[in-house]
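Reader: Hi! I am new to protein structures and would love a close look at one part of this one. Could you walk me through the charged side chains and how they pair up?

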Amino acid sequence: MYEHEMDDYFVDENFEFNTSINKILDQEVEKRLGERIENYQEAIDRDKRSQKTISDLRNEMHKIRLDFDAAEKTFKKKVLTKH
């Protein structure tokens, strides 16, 4: 019975080669995935900075608009009171 079981046992002669190739492929996948994650994080960081810049510029535009409206109101008041 033991002898029959040994005849059915198959040893893959390429086992070490396949294992090495799989290890290399795993490393490459991990490397590429790591690069993509890093690039994704950089994109998120750039987007956050861009959103902050946009918000700051909108606030500045609003302030300038208020200053302009006040200056226009003052100008019209002075022009109308001179005539």
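Author: Happy to help; here is a walk along the salt bridges and a charged patch.

This is a predicted model, in which local features need pLDDT of at least 70 and side-chain atom pairs count only at pLDDT 80 or more, while totals for chains, interfaces and linings use all residues. Residues are numbered from 1 along each chain as its sequence is written, and side-chain values use heavy atoms, with hydrogens and water left out.

Side chains of opposite charge can pair when their charged atoms come close. The structure holds 5 salt bridges (a side-chain nitrogen of Lys or Arg within 4 Å of a carboxyl oxygen of Asp or Glu). One of them joins lysine 52 to aspartate 56, with the closest N and O atoms 3.0 Å apart. Both residues lie in helix α2, 4 residues apart, about one turn of the helix (helices are DSSP runs of H or I, at least four residues, numbered from the N terminus). Aspartate 56 counts as partly exposed because its relative accessibility is 37% (buried means under 20% relative accessible area, exposed over 50%, partly exposed in between, with a 1.4 Å probe and protein chains only).

Further salt bridges include lysine 63 with aspartate 67, where the closest N and O atoms are 3.8 Å apart. Lysine 63 and aspartate 67 are also 4 residues apart in helix α2. Lysine 63 is partly exposed, at 47% relative accessibility, and aspartate 67 is partly exposed at 45%.

Lysine 76 pairs with glutamate 72 in another salt bridge, at 3.9 Å between the closest N and O atoms, and these two also lie in helix α2.
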